[in-house]
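Student: I'm new to this one. Could you take me on a close look at a single part, the salt bridges, and tell me where the partners sit?

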Amino acid sequence: MKASAIILAAGAGTRMKSKLPKVAHRIMGESLVGYVIAAAQEAVELDKLVAVVGHGREAVIPLVQDDCEVVVQEQQRGTADAVNSCREAFAGVGGSVVVLSGDCPLITPETIKRLVERREETGAAVVVLSMIPDNPFGYGRIVRTTAGEFQRIIEQKDCTPAQAKITECNSGFYCFDASYLFQALEQVSTNNAQGEYYLTDVIEIARHAGRTVEAMVADDSDECLGVNTRVQLAQATKILQRRINERHMLAGVTMTDPEQVWVGPKVRIERDVELLPQTFLLGQTSIGEDSVIGPSSRLTDTQVGVGCVVDETIAIGKVIADGSTCGPREVL
C-alpha cells in the first residue's frame with residue numbers, strides 16, 4: 001500500500017521554555033520528529049515524505065533532510081498554511097496523504113496504516129484520527145449523528161454544556177485525498193479569532209461539497225499525546241521506555257527492573273541478553289547473545305559481541321569483542 005505524508009515541524013513550542021524548537025528535543029537520543037518520521041516510513045510505502053519547517057529551521061533541517069523533502073513555512077500562519085506550503089511539492093501527486101504532527105512521537109506505524117486503509121476503503125475526502133483521552137478539556141470534540149456518522153468538529157470554546165461532555169476528541173492527525181486537499185485549501189480563510197488558516201476548515205469545506213468525511217478512533221489515546229512542555233516530554237519518555245522495553249522482553253531479553261533500563265529505538269538486542277538496572281543503550285548500539293550489560297552502563301553506537309560482561313562501563317562508538325569483560329568503572 002502506498003501513500004504520502006506531510007510532517008508538520010514548523011512550530012516554536014514556546015511552552016517548552018527552550019532555545020530549541022520543540023521537535024528537536026530528544027527522547028532516548030532520538031528527536032521527537034525522528035520518531036514520527038520512522039513511524040511513517042514503517043507504516044506504508046511512501047510516494048513522498050515532506051517535512052514542513054519554520055521556526056528554528058537551522059536546528060530542525062539537519063534532523064529531517066536525510067529522510068524528507070524539506071519545505072519552509074516562512075510565516076507561522078496556521079496548520080492549513082503549513083500544509084499549503086507543500087502545494088508545489090505535491091503537484092501531480094494523488095492518492096492518500098497523511099498529515100502528522102512532528103511533536104507527537106508516540107504515533108505508531110499500525111495506526112498510520114489503519115488511517116490510510118480507512119480512507120482508501122471509503123474513498124473519503126478526509127479521515128480524522130480521533131481519540132478518547134482521560135481528560136477531554138481543551139480538545140475539539142467529534143460530533144456524530146445518532147447513527148454514529150461523523151458530523152463535525154467543535155472546538156472547546158464553542159461547546160454547549162452537552163457537547164462538552166463528549167469524550168471523543170480530534171487528535172490533529174488526518175488522512176486526505178491528496179488532490180482534493182489542495183483544492184480545498186484554496187477556500188480556507190482567516191475568518192477566526194486567531195486570524196490563522198486552520199486545517200480543520202477543510203473538513204467543513206469537504207462536507208459542504210458533499211464529500212465523505214470519517215473519524216477513526218485511535219486504539220490508544222497515548223499515541224496522540226503532543227509534547228508541548230517538559231512535563232509532557234517526561235510523560236512521553238516513560239511511555240516509549242515501557243513500549244520499547246516490553247518489545248525486547250517479549251523477544252527474549254531479561255531486564256531485572258525495566259523501569260531502570262533505557263533503550264533507544266534503533267538499538268538491536270539478541271535473545272538471552274540480560275540488562276541490569278541503570279543501563280542506557282543508545283544510538284545504533286547492538287548487543288550479542290548471552291551478554292550481561294550493567295549495572296550502571298551507558299553504551300552509545302557500540303557493538304557488543306556474544307557472551308560479554310559490560311559492568312559499570314561507558315562506551316561511545318566502540319566494538320567489544322565476543323567474550324570480553326569490561327569494568328567495573330571503565331570508560332572505553
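Tutor: Here is a walk through some of the salt bridges, with a look at how covered their partners are. Keep in mind that this is a predicted model.

The count comes to 17 salt bridges. One of them pairs Asp103 with Lys22, whose closest N and O atoms are 2.6 Å apart. This pair ties together distant parts of the chain, 81 residues apart: Asp103 is in the loop between S6 and H4, while Lys22 is in the loop between strand S1 (2-9) and strand S2 (26-27). Buried means under 20% relative accessible area, so Asp103, at 11%, counts as buried. Lys22 gets the label buried too, with 13%.

That loop between strand S6 (96-101) and helix H4 (109-122) also holds Thr108. Thr108 is buried as well, at 12% relative accessibility. Leaving aside residues up to four places away in sequence, Thr108 touches Ala39, Glu223 and Arg243.

Now hop over to Glu259 and Arg242, whose side chains meet in a salt bridge at 3.4 Å, N to O. This pair also links distant parts of the chain: Arg242 belongs to helix H7 (residues 230-250), and Glu259 lies 17 residues away in the loop between strand S12 (254-255) and strand S13 (261-263). Here the partners are partly exposed, with Glu259 at 34% relative accessibility and Arg242 at 43%. Lys238 joins in too: Lys238, Arg242 and Glu259 are linked in a network of salt bridges.

Last stop: Glu120 and Arg119 form a salt bridge, their closest N and O atoms being 4.0 Å apart. Glu120 is partly exposed at 40%, whereas Arg119 is buried at 7%.

Notes: Residues numbered from 1 in each chain as written. Predicted model: local features only at pLDDT ≥ 70, side-chain atom pairs only at ≥ 80, totals over all residues. Heavy atoms only, no water. Helix = DSSP H or I, 4+ residues; strand = E, 2+ residues; numbered from the N terminus. Buried < 20%, exposed > 50% of the residue type's maximum accessible area, 1.4 Å probe, protein only. Contact = heavy atoms within 4.5 Å.
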